[in-house]
Amino acid sequence: MIADKMKDYVKGSSVIRAMFEEGKRLAAIYGPENVYDFSLGNPNVPAPQGVKQAIMDILNEEDSVMVHGYMNNSGYEDVRSKIAESLNRRFHTNFSQENILMTVGAAGGLNVILKTLLNPGDEVIAFAPFFGEYRSYVANFDGKLVVVPANTKDFQLNLETLKEAVTPKTKALIINNPNNPTGVVYSEETICKLSEILMEKQKEFGTDIYLISDEPYRELAYDGVEVPYLTKYYPNTIVGYSYSKSLSLPGERIGYLVMPECLSDYDNILQAANVANRILGFVNAPSLLQRVIGKCADMEVDITPYNKNREALYNGLLECGYECIKPQGAFYLFVKSPTEDEMEFVEACKKKNILIVPGSSFACPGYVRIAYCVAYDTIVNALPGFKEVYNTLTSSK
Ligand code: PLP
């Protein structure tokens, strides 16, 4: 008999993954070229050539004991130094290897930091719409996820509601910038206001409130938009980074946490996060990939194909009659459903072999997420189906 808690996890198991499985089923029946799968955020732009070269160089040149061995649970010191130097150069920060802990992707990093911080019943605030896995990550450590409803006007953070959501039990907030599923980049103005509110609330309640900045999409920002580096605005910030999207390496499971010295209880947090990485069963981030990052810390994927897709899909959907805000980052578009119940829209799209994810999976019903990390032709070929669905659903109103 499985654990009661696991039963809940299985029941709520990711709708996104279910859609992905549906895509494979439909592709087997109709042929992959006739299925338009916009369900999963799996990068379709290849990793930079330099990554492949780095893997080969490391395997050819380095001592295999060094490449494949255990190391400090926080990761290789030289790799962490390279990352700290890269961050300092780009964001004018002042980190050293001490501030960096190598993790098994962003998912691993989030679980490490939540294990480090949460006592049972502690509250963690997330702003809708958010990556649905946050629910499970917080539940893993018996925390309580408090959801601030979406600001559907521009999908910036709903800060007025935040003021009421923070309580003496608030231990942390998670924000994700650029955002999955909206593609919105929270502006410097939004971040300054957020920081002000959190400082006030810390003072009012005499507590520490940690801001966890989940940043797997940091490098995927278009039209030169700036993504603020949050440790400069709010001292109690922990950054969770991942190379899943910035280097197109999601299956390799590599990322890191940044824990700056100005954190309250810095020494204990650093030590606890190192132990959490070990006892969660990660032990350490994958050794070979750490060494690769040591050589590729400043590399990024070419985002030109994503940008081309963004323009084609955004303009194409507007022409069909859909409403959505233009994403500034990541590779998702968050579209208002033409029907109040977005499941009706999702099902109508499925009949045209178009797979999209309902907004309820991101705590924002009435919308859908379309992942545009797909071949350009998939977008072009899916647009007539999107148009037919729009016309059918709006004419029956
Ligand atoms: N956070 C967000 C917002 C994501 O979209 C994802 C993956 O899609 C993750 C975290 C997990 O990323 P990783 O593959 O690095 O664990």
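# Report on a predicted structure

Across the whole structure, a search finds 18 salt bridges. The model is a predicted one. One of these salt bridges links the side chains of Glu-160 and Lys-163, with a distance of 3.3 Å from N to O. Both residues belong to helix α8, which covers residues 159-165; Glu-160 and Lys-163 are three residues apart in that helix, so about one helical turn separates them.

## The seven-stranded sheet

An open sheet is formed by seven strands, arranged in the order β2-β8-β7-β6-β5-β3-β4 with mixed pairing. At its edges stand β2 (100-103) and β4 (144-148); each has a single partner strand, and therefore one side of each is left without a neighbour in the sheet. On average, neighbouring strands of this sheet are turned by 20° against each other, when direction is ignored.

The pairing of β3 with β4 can be described in detail. Strand β3 consists of residues 123-127 and is joined to β4 by five bridges, the two strands running parallel. Within this pair, Ala-126 stands opposite Val-147 in β4.

Helix α6, made of residues 105-117, lies across β2, β3, β5 (170-176), β6 (210-214), β7 (237-242) and β8 (255-258). The helix runs at about 170° to β6.

## The three-stranded sheet

Three strands form an open sheet in the order β9-β12-β11, and their pairing is antiparallel. The edge strands here are β9 (332-336) and β11 (357-358), each of which pairs on one side only. Strand β12, residues 367-371, is joined to β9 by five bridges, and the two run antiparallel. In this pair, Phe-334 stands opposite Arg-369 in β12.

Two helices lie across strands of this sheet. Helix α13 (residues 304-320) lies across β9 and β12 and runs at about 10° to β9. Helix α14 (residues 342-351) lies across β11 and β12, running at about 40° to β12.

## Cavities and a pocket

Rolling a probe the size of a water molecule over the atoms shows where empty space is left. In the whole structure, a search finds three cavities of 30 Å³ or more. The largest cavity holds about 90 Å³ of space. Its lining is made up of 13 residues, and those closest to its centre are Ser-86, Arg-90, Glu-219, Tyr-241 and Ala-297. Helices α5 (77-91) and α10 (243-246) each supply at least two residues of this lining. The largest share, four residues, comes from α5.

The second largest pocket has a volume of about 310 Å³. It is lined by 14 residues, of which Phe-91, Arg-218, Glu-226, Val-227 and Pro-228 are the closest to its centre.

The table sets out the lining of each space by residue class.

| Space | Volume | Nonpolar | Polar | Charged |
|---|---|---|---|---|
| Largest cavity | about 90 Å³ | seven residues | two residues | four residues |
| Second largest pocket | about 310 Å³ | seven residues | no residues | seven residues |

## Backbone features in the loops

Most residues other than glycine have a negative phi, and most peptide bonds are trans. Several places in the loops of this model are to be noted in that regard.

The peptide bond from Ala-128 to Pro-129 is cis, with omega near -5°. Pro-129 is located in the loop between β3 and α7 (133-140). A cis peptide bond also joins Asn-180 and Pro-181, where omega is about 25°. Pro-181 is located in the loop between β5 and α9 (188-205).

Phe-155 is not a glycine, yet it has a positive phi of about 60°. Phe-155 has its place in the loop between β4 and α8. The loop that holds Phe-155 thus leads from β4, an edge strand of the seven-stranded sheet, to α8, the helix that contains Glu-160 and Lys-163.

Methods
Residues are numbered from 1 along each chain as its sequence is written. This is a predicted model: local features need pLDDT of at least 70, side-chain atom pairs count only at pLDDT 80 or more; totals for chains, interfaces and linings use all residues. Side-chain values use heavy atoms; hydrogens and water are left out. Two strands pair if DSSP finds at least two bridges between them. Axes are lines fitted to C-alpha atoms, for helices over the stretch in contact, and angles run from 0 to 180 degrees between N-to-C directions. Contact means heavy atoms within 4.5 Å. On a 1 Å grid over the protein atoms alone, a cavity is a set of points where a 1.4 Å probe fits but cannot get out, and a pocket is an open set with protein on both sides within 12 Å along at least five of seven lines; lining residues have an atom within 4 Å of a point. Grid points are joined across faces, edges and corners, and a volume is the space filled by probe spheres set on the points. Ala, Val, Leu, Ile, Met, Phe, Trp, Tyr, Cys and Pro count as nonpolar, Asp, Glu, Lys and Arg as charged, and the others, Gly among them, as polar. A salt bridge is a side-chain nitrogen of Lys or Arg within 4 Å of a carboxyl oxygen of Asp or Glu.
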